[in-house]
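Let's take a walk through this structure, one piece at a time. Keep the viewer open and rotate as you read.

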There are 2 protein chains.
Amino acid sequence: MSVGKSILRVDAYDKVTGRAMYTDDLAAPGMLVGKVVRSTIANGLVKSFDLQEALAVPGVVKILTCFDAPAIDFPTAGHPWSTDPGHQDVQDRRLLNRRVRIHGDDIAVVIAEDEVAASRAARLVKVEYEEYPALVTPEQAMAESAPQLHENYPRNILKETTLSMGDASFEQAAGKAALVHQGNYATQAVQHCHIEVPVSYAYMEKGRIVVVSSTQIPHIVRRVIGQAIGIPWGKIRVIKPYIGGGFGNKQEVLYEPLNAWLTYMLGGRPVKLEISREETMLGTRTRHAISFDITSAVDREGRLLARRVDAISNQGGYASHGHAIIMNAMNEFKMLYQDEMALELHARTVYTNIASGGAMRGYGIPQAIFALESHMDDLALKLGIDPIEIRTKNHMQLGFVDKTTGITCHSTGLAECIQKGREYIHWDEKRKAYQNQTGSVRRGVGMAIFCYKTGVYPISLETASCRIVLNQDGSVQVQLGATEIGQGGDTVFTQMAAQTLGLHPENVHIVSSQDTDVTPFDTGAYASRQTYVTGKAIRQTAEVFKQKVLDYAAGMLKCDPLDLDLVDNKILGKDGKEAIALEDVAMEAFYSLDKQTHITAETTFHCKDNTFSFGVGFAEIEVDIPLGKITVLDIINVHDSGVLINPQLAQAQVHGGMSMGLGYALAEQMLFDDKARLLNDNLLDYKLPTALDTPELAVDFVETVDPSGPYGNKSLGEPPAIPGGAAIRNALLHATGVAVNSLPLNPQKLIEHFKAAGLID
Amino acid sequence: MSVGKSILRVDAYDKVTGRAMYTDDLAAPGMLVGKVVRSTIANGLVKSFDLQEALAVPGVVKILTCFDAPAIDFPTAGHPWSTDPGHQDVQDRRLLNRRVRIHGDDIAVVIAEDEVAASRAARLVKVEYEEYPALVTPEQAMAESAPQLHENYPRNILKETTLSMGDASFEQAAGKAALVHQGNYATQAVQHCHIEVPVSYAYMEKGRIVVVSSTQIPHIVRRVIGQAIGIPWGKIRVIKPYIGGGFGNKQEVLYEPLNAWLTYMLGGRPVKLEISREETMLGTRTRHAISFDITSAVDREGRLLARRVDAISNQGGYASHGHAIIMNAMNEFKMLYQDEMALELHARTVYTNIASGGAMRGYGIPQAIFALESHMDDLALKLGIDPIEIRTKNHMQLGFVDKTTGITCHSTGLAECIQKGREYIHWDEKRKAYQNQTGSVRRGVGMAIFCYKTGVYPISLETASCRIVLNQDGSVQVQLGATEIGQGGDTVFTQMAAQTLGLHPENVHIVSSQDTDVTPFDTGAYASRQTYVTGKAIRQTAEVFKQKVLDYAAGMLKCDPLDLDLVDNKILGKDGKEAIALEDVAMEAFYSLDKQTHITAETTFHCKDNTFSFGVGFAEIEVDIPLGKITVLDIINVHDSGVLINPQLAQAQVHGGMSMGLGYALAEQMLFDDKARLLNDNLLDYKLPTALDTPELAVDFVETVDPSGPYGNKSLGEPPAIPGGAAIRNALLHATGVAVNSLPLNPQKLIEHFKAAGLID
């Protein structure tokens, strides 16, 4: 058995010793270097360039501007392609934009012999603009007088959705309620802060463009490059080496199309394009700031009768994943809890001039859960019942079927997760003990729950392919379009393949790098889909492969293949004893003079199912009221992600997500001034928590066996980042009685709230 | 139709612009560098090393000697593996040899931070030897008193074979002959002189060894590294980039095992190992010097009654391909001409201390044809009949079946080839015109014919695998274990795939580089096998792939797949009109929400057939008798290689081979002194012909359609190098009446012969 064991990461040694090769390690020295010239206004039009001084910098090879770039609008979101134009991503970007929509927009690019020359020249490019007022908030952008950022999007509304469910209207339901409560909850824009900035290099071979890039989605990058440059997709090859984190920002096709175009414009000379930390923060993607207005009608026992949610997402300058994210957030309202009578959802995504929101771990759910779970505590408080009780009364049960998507709850350990968290944090004692505190330092416990889908079915295509290749010693390579992005994918894929093949994991060699020329198609790492969807492709392909090996062995042994099995690296006969050495079968298949064949197997699994993961976060905090400072005393996440393929890696995944959740809860935010300029575009001013800011992170699991998962498993990648914000906010409510309804819960904000509540002067 | 067109080489632009990446281009700067320490004696034993001075050179990281190397004997020949130990290559090499058998033997290796430090230190390694007498010739080596070079090989005979065919003994046949003639013919050792010297680099990833190498046979390199180091073959990954020529020298596993061991001994640090030109000449492989003693019995009309051939091959210090090469040479005697009564063959391969013979374009046949075709002219002269006539009376006919191998003559254009050459060179006029010349400058015409097998069946395994992968635009990648080695393989593979798929060649993207982790198994480039054997795998896989595409299209169109065909990039219906765009089918297969699948196909073709190519060389020369100098006035090769996949590339292949044949005929030879030291280990002293030495090379073809070839094609890679030597020697005989029976026909040798013949004093 390989699944369920905490084997060492297959890439541990190479990564720890620095031997693992990342994009920049592979870029040959002496390559040309591209440097993006960025707009110094957030909203306007480039009228002209003066390139004279820039071109005079020694080492400058070429400067290309928005006037040179093809007039092709393309999308950047890393979604599977849809053959239905109505379901395709918004195409609102160009390689270089004349119409500037964010501060730092890409308007030109310098190509030079080295980084220094490129940067010097980029600073010397002179630009004349026509400037329009900057739109920082959705409210500004929706104003009648606001300049329109994109054609076809009046009042800058990218998309608006209204959805009503249930047999009654909200008003009808409210009439029967014991309590109708309304609250506003707001989340801030934050950035992924992956260690490795976006970096790629491109060159041409045999008339085709090759791009080596730090991406989560090589096959999608290939497609978007084709769209952006307007060439057939088969003329592009994308290679993905190891990557230093992505968290969704590399589920976006950021600079690969520009890089591809640069080499193309230089007749195929290799060009590297690295985006600095500052550029990454202002010019790539963020977690959308979404504000929610929630009104709930509940009965006396806390049963939800009806809810109305009105949410607005600040999209920033470009559509990216756009409305998909707020819609994922809205889904959480109809899935996590069921309203007996009515649910009304209204969502808008609005273009502004701040940095564009895109995919980020959790894809709208961290925002939704902050709002929803804060709101649930507000309801509990008003009703005078325990926060756990109100959740238990309303949360999703086994067998639930989402009415609009058909997604079914195939397994749930949510109730057990809650119970484990409750016991760990000593909920019942502490909820009592921390009542009626006085003094300037107080404590509280809070919690939040969530559910999370696994992959994107049925919203989008879910598919994965796998190829397995035999070696002479009976070991195999497993080749996948799915990507290792630091999460341990390669390790769990290895375990899955070993499990089904009946091999030891050391005899399964995962091909870590993807190359769209030869790698089986898979849409990539996002939506916590890979262990589930790719896992199914691995299992199916391994079954086919194993049967081929057994058939070949049966031919050698002149027996029925059904009498053979491959277990623990051994081919066993009916009697359970080794019938023939696996290596002998492999050698015979490779070198037989009678019946030679290279045993390989390749299959696609088109996945038409989905399932829910669950989890809870519990936090105990201490708050110093005069300082406005929260100290997290204890924090735990308990997850039901089905069977854990590798418990230790699962725990590490949760640690990372909790850390991200803590930053989101307490410190991180992107600050824009009224010109939509990002004020903290670096890791000094942007308060990413460090190890010193991070308490011990407790992790526990409830291992359900999901019948739809290839190995009983379901999503785990994104969930850990979700519950932290609400759990801490609710602990703060418990400690102080003060409801802080926006993130981050930083001292500035807390002091304001405590003053307003009269706790301090 | 793609086959038969002279499309541009797919790698032409990249190679001409210098964009194509070779091994050394890919090696990251700053890699450690290995430098082999070579023995300064040819025969003996290393007693001890003094490394003190060498280790003191700044930058030296480690020195490993033959005392550190594993005590594992391994083979180096690039043959397919045989599971039958009796059929495996001789294992007589170690990574580093304590028992020294050639001058320049690998006895230690310095690893340093750069080339300069490594070379300096290598020169400072002090070695104490026990020295034995050097054996330069097989006669010396077979002497009773000669020191034995390898255990188990008494009198240094690597192998000896005797074969008798026919219904009578030679003596019986000779009794009925009009003429019994005996002659001795000898060929010299020459070197391949590929532009790119052997170079590789190695590193480790995930506990496995990766070797990037300039090789013709990546899958075999992997296997031999495993054997040499004694680790499972699946723990090794070999990558082959573009290579700058091999000609058989890179059908040998030369330094990859040592390179693999170096990185292994350094804990996985990357190490590059480049073998200089001088080292390549003395320490890699050569074309065997083989001497032949031929006695023929013929009737009055020139019909061959019986022959006896006794041949000895000078193997040099290590077995390499060894006896296989002289046996291939011996085969030519039983295939090209049939003896009515008897054929007796006796072949010996003898270890000596000169540089080791190995595979080189033609694999023994250039030697055999020099001997055999010189001999045929000697017979014709003695009988007073035309050299063409004696050949026409005896050469292989359609339907011939080799009695020992079963190889059948499926097609032959030999008679037409002879006719074409005869006309081109104005044979009949000139044979007459150049009779009875006097004076110091005379002219002559000569010719030679040959046959050549296609691949190694049934001597060894013949198999090839192919994988085809669909892109969204309907283009495909073709992935092969077969290798582009400069011969244009990638281009003709592209054409073959395009032909069967019904695609334009520009929509077929060949994956040029091989990576044993993911590349389908194929034994590689040698034996002129790839267009034939790999061609069958391409055709078979393309048929499977095309059917998958048509099946998918039929599903979309709800029609019978048998009503569809893919022609000229278009899916045609019964009515011969486009039924659906190929790109639409590809897009639907990639992105269908109903039935998604990544269309790929992978198959192995286990080839159990072989066929003969044929050809002739005709030369007209002028010889300046006092100068001993031959000027080639006109030369043509006419080949029957079946259908030409790409006529222009075929012509280029013949040009290259003819040039190689000219060097062999007129100038090239490796000169060893009595200590077995190579005297001309560089391209100044070793007389490789340059463009200035090369006359216009005429090429013509007779295009038979071979029924066993995948596209009617048969071997072409090696044949062009074969007939030159004998054709020029026979022209010399015609011009002067002097039979020079050894190569090269250089001035020193000609002067000697002319003196002996009394033409000069």
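A:Pro744 sits in the loop that links α19 (724-736) and α20 (747-756) of chain A. The bond leading into this proline is worth a click: A:Leu743 and A:Pro744 are joined by a cis peptide bond, with omega about -5 degrees. Keep in mind that you're looking at a predicted model, so these angles are the predictor's. Chain A has another cis bond to look up, from A:Tyr457 to A:Pro458, with omega near 0 degrees. That proline, A:Pro458, is in the loop between β16 (441-452) and β17 of chain A.

Now zoom out to chain A as a whole. It holds 20 helices and 27 strands. Along the principal axes, its C-alpha atoms fill a box of roughly 90 × 75 × 50 Å. Is that what you'd expect of a compact globule? For 761 residues, such a globule would have a radius of gyration near 27 Å, and chain A agrees, with 27 Å. Of the 761 residues in chain A, 61% count as buried. The contacts reach along the chain, too: among those between residues at least 6 apart in sequence, 81% join residues at least 24 apart.Next come the domains. Chain A is divided into domain 1 (12-132 + 198-274), domain 2 (362-455 + 611-756) and domain 3 (463-606). The C-alpha centres of domain 2 and domain 3 of chain A lie 39 Å apart. How many residues of domain 2 of chain A are in contact with domain 3 of chain A? There are 18 from domain 2 of chain A, and they meet 16 residues of domain 3 of chain A. On the domain 2 side, that contact has 8 nonpolar, 8 polar and 2 charged residues.

What about the two chains together? Their contact takes 48 residues from chain A and 48 residues from chain B. On the chain A side, the elements that give two or more residues are α1 (12-16), β17 (463-470), β18 (476-480), β19 (508-511), α17 (582-591) and β24 (600-606). Sorted by class, this side of chain A has 17 nonpolar, 19 polar and 12 charged residues.

Let's hop over to chain B and look at one of its sheets. Here 5 strands form an open sheet with mixed pairing, in the order β7-β15-β14-β13-β8 (chain B). Which strands stand at the edges? They are β7 and β8 (179-186) of chain B; each has a single partner strand, so one side of each is left without a neighbour in the sheet. On average, neighbouring strands of this sheet are turned by 5 degrees against each other, direction ignored. Inside the sheet, β14 (residues 304-316) and β15 (residues 342-351) of chain B run parallel and are joined by 10 bridges. To find the register, start from B:Ser313, which stands opposite B:Thr349 in β15(B).

Helices lie across this sheet as well. Helix α10 (residues 323-335) of chain B lies across β7, β13 (289-298), β14 and β15 of chain B, and runs at about 165 degrees to β15(B). Helix α11 (residues 365-383) of chain B lies across β8 and β13 of chain B, at about 145 degrees to β8(B).

Further along chain B there's a hairpin to visit. Its strands, β25 (residues 613-624) and β26 (residues 629-640) of chain B, run antiparallel and are joined by 11 bridges. B:Asp624 stands opposite B:Lys629 in β26(B). The hairpin has 4 residues between its strands, and B:Gly628 in the turn has a positive phi of about 65 degrees. β26(B) also pairs with β27 (residues 698-701) of chain B, this time in the parallel sense and over 4 bridges. In that pairing, B:His639 stands opposite B:Phe701 in β27(B).

Let's finish with positive phi in residues other than glycine. B:Arg155 has a phi near 55 degrees and lies in the loop between α5 (138-142) and β7 (157-166) of chain B. Is B:Arg155 buried or partly exposed? With 15 other C-beta atoms within 10 Å, B:Arg155 is partly exposed. B:Asp568 has a phi near 60 degrees, and its place is the loop between β21 (565-567) and β22 (570-572) of chain B. B:Asp568 counts as exposed because 11 other C-beta atoms lie within 10 Å.

Notes: Residues numbered from 1 in each chain as written. Chains lettered and ligands numbered in written order. Predicted model: local features only at pLDDT ≥ 70, side-chain atom pairs only at ≥ 80, totals over all residues. Contact = placed C-beta atoms within 7 Å. Nonpolar A, V, L, I, M, F, W, Y, C, P; charged D, E, K, R; others polar. Domains from an automatic or database assignment. Buried ≥ 20, exposed ≤ 12 C-beta atoms within 10 Å, placed from the backbone. Pairing = 2+ DSSP bridges. Axes fitted to C-alpha atoms, helices over the stretch in contact; angles between N-to-C directions. Rg over C-alpha atoms; globule rule 2.2 N^0.38 Å.
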